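Please open the model in your viewer and set it so that you can select single residues and ligands by number. We will go slowly from one selection to the next.

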Amino acid sequence: MSEVWRLARRFWPQLLLLLLLELLGAGLAVLAPIPLQTALDVVLQKRAAPAWLVPFSGSALPALCAGSLLVTLLAQGQGLATALLSTGLGQRLIRDLRARLFAAAQRLSLARHIERGTTDTLYRIQSDAQSIEWFLLDGALPVLTAITTLALMLTALFRLDTSLGWVGVALGPPLLLAARATRPGLKAASRDAKQKESEALSIVQATLGALTSVKAFGIEDAQTQRFAEASEKAVKVRLRIALLDGLFGMGIQTLTALGTAAALYIGVAAAQRGVLTVGQVLLGLHYLNQVYSPLKTLGKKWASLQNQMAGLERATALLTEPAEVPTHPNPTPLPQPVRGELRFENIAFGYDPRRPVLENVSFTVAPGERIGIVGETGSGKSTLLSLLMRLYSPTSGEIFLDGIKLTEIALAELRAQLAVVFQETVLLPGTLAENIAVGKPGATLTKIEAAAKAAQLHEAVQRFPDGYQTKVGERGAALSGGERQRVGLARAFLRDAPILLLDEPTSALDATTEQEVLSAMERLMEGRTVLLVTHRESALRGMHRVLLVENRTLVAHFPLP
Ligand code: ATP
Ligand code: MG
């Protein structure tokens, strides 16, 4: 929650103004019935005029009417100003929180990200983040105003008649008891509902993301069924919330009815005894009603406040989550220029601690050396590269770059030394040119074209009607597997980093294109340290050494055949 206050603090002048406006509204509500009461007592019943009316004694009725109009107009103005201010403020609060959540979500470690799932994070950014507006502006602020209004109205009631005041006070404790009884249940149920809704949504997301397979295997109905079942669970929780909320509201309404009946009895009896005027009885009933209204607000806002709190807790949990792999507080700067010497020392790693993927992996790569890495599928080759990128942290052992532990190098600086072609190139929404420029943000179109040419992608791009400005669909849906792979290669060509990590860079290409890409790559590899994972012997040409990953470790280093 401290994160919420930190965000809110930046907007304190607006929040304060909003609070003042709300308090003005409460004050106006006290004034609103006074003209009617005065008119009844002074004009009709000919009682003594209060001091503030004396200057208008000749025309008391028109003055009272004008006063009544003025109070109403002020109240309208206050309402408009409040609405405008709170909408603007609310949207800005949400925008700021969303931006912070998005940044935090990208820093989140891959392991946590996979464990939690994209949809849950999405739900937190999209849906839970809105809670900050509701919590502060629709929840906390009205509750604060309601409490102030309550105090004002009770004071007004006591000044009018002590027994009427006590009727108002008597409503407080039962209300608080009712709130206490429902609060924990509501909050827990809200958290539960959000969790269940996000689970249902993740089925939609996963299904739409894999729509080709879903259609090909004909499991649309089964997926719909799964979604319906997951949604039904959320519906049940929402129903429980509505029930709790409704019970609470019913309690408030009963209290209101009891209070009104008591006030009517006490007020009219007092008027009969001549203690109160007719106008004052009316005023008393009005104020008592104004006591209920903040009580009702408190009651109504209660459920939503609990709901918003659950949402805010989910959202801000993302902010306090440990970011990525641990970063060193005082990173060691890399020597310039980076030579590109790599050393793995007794590396062990498993995605799941119960199932080690790599054990006892030790090897050294000299600067400028080209290493081929082979091994059967699932043996841990891609994992080896992930560890080098520090996408994951090894369970034990150390990796060194130019003699410096990776853990002591600033993450951004380490990754700036690496050009990577992933086993599967994932495209971002945007144009082809933008997607190649991922390799070097801000690269000119000339450089982008040169990289595409080196990756044998240029001709293919020319065949698209929009060329480099072609928009690629979600996950690169508009490109063939081989085209996507060459976008990955073009990124590496553009990046111009001292260390090249290539994971099956030619697996999706035909033999001719592969040869062309390999000879272009020959130039790219010049003077750089290269780790190339492949199942294809043809791609190993030009490597200085080949390492074999087998039984969770590197078993043989053999020179090229
Ligand atoms: P391939 O030749 O098929 O690409 P690989 O040698 O690159 O295989 P890795 O991707 O390194 O294999 O995977 C090594 C092992 O780790 C596999 O058994 C795989 O099931 C497991 N693995 C890979 N990624 C994850 C992950 N994100 N979470 C859990 N386990 C994983
Ligand atoms: Mg792999």
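This tour visits a metal ion and then a ligand in a model that is predicted.

Begin by selecting the magnesium ion, which is ligand 2, and show the side chains that coordinate it: Ser-382 through its OG atom and Gln-423 through its OE1 atom, at 1.9 to 2.2 Å. Now colour the chain by secondary structure, and you will find Ser-382 in helix α13, which covers residues 381–389, while Gln-423 sits in the loop between β6 (418–421) and β7 (430–431), so that the pair, 41 residues apart, links distant parts of the chain.

Stay with these two residues for a moment and turn on the protein surface: are they buried, partly exposed or exposed? Ser-382 has a relative accessibility of 28% and therefore counts as partly exposed, and Gln-423, with a relative accessible area of 45%, is partly exposed as well.

Next, select ligand 1 and display the 14 residues that surround it, the closest being Thr-377, Lys-381, Ser-382, Thr-383 and Gln-423. Helix α13 supplies the largest share of this shell, namely three residues, and, sorted by class, the shell holds four nonpolar, eight polar and two charged residues.

Finally, look at the distances from oxygen atoms of ligand 1 to side-chain N or O atoms, which come to 2.7 Å for Lys-381 and 2.7 Å for Ser-382, while a polar side-chain atom of Gln-423 also lies 2.7 Å from an oxygen atom of ligand 1. Taken alone, ligand 1 exposes 630 Å², and the protein buries 68% of that area.

How values were computed. Residues are numbered from 1 along each chain as its sequence is written. Chains are lettered from A and ligands numbered from 1 in the order in which they are written. This is a predicted model: local features need pLDDT of at least 70, side-chain atom pairs count only at pLDDT 80 or more; totals for chains, interfaces and linings use all residues. Side-chain values use heavy atoms; hydrogens and water are left out. Donors are N, O and S atoms within 2.8 Å of the metal (3.2 Å for Na, K and Ca); water is not among the atoms, so sites may look incomplete. Helices (H or I, at least four residues) and strands (E, at least two) are DSSP runs, numbered from the N terminus. Buried means under 20% relative accessible area, exposed over 50%, partly exposed in between (1.4 Å probe, protein chains only). A residue is near a molecule or strand if one of its heavy atoms lies within 4 Å of it. A polar contact is a pair of N or O atoms within 3.5 Å; within protein, one must be able to donate a hydrogen and the other to accept it, and residues adjacent in sequence count only if both atoms are side-chain atoms. Accessible areas come from the Shrake-Rupley method with a 1.4 Å probe; for residues, only the protein chains shown count as cover. Ala, Val, Leu, Ile, Met, Phe, Trp, Tyr, Cys and Pro count as nonpolar, Asp, Glu, Lys and Arg as charged, and the others, Gly among them, as polar.
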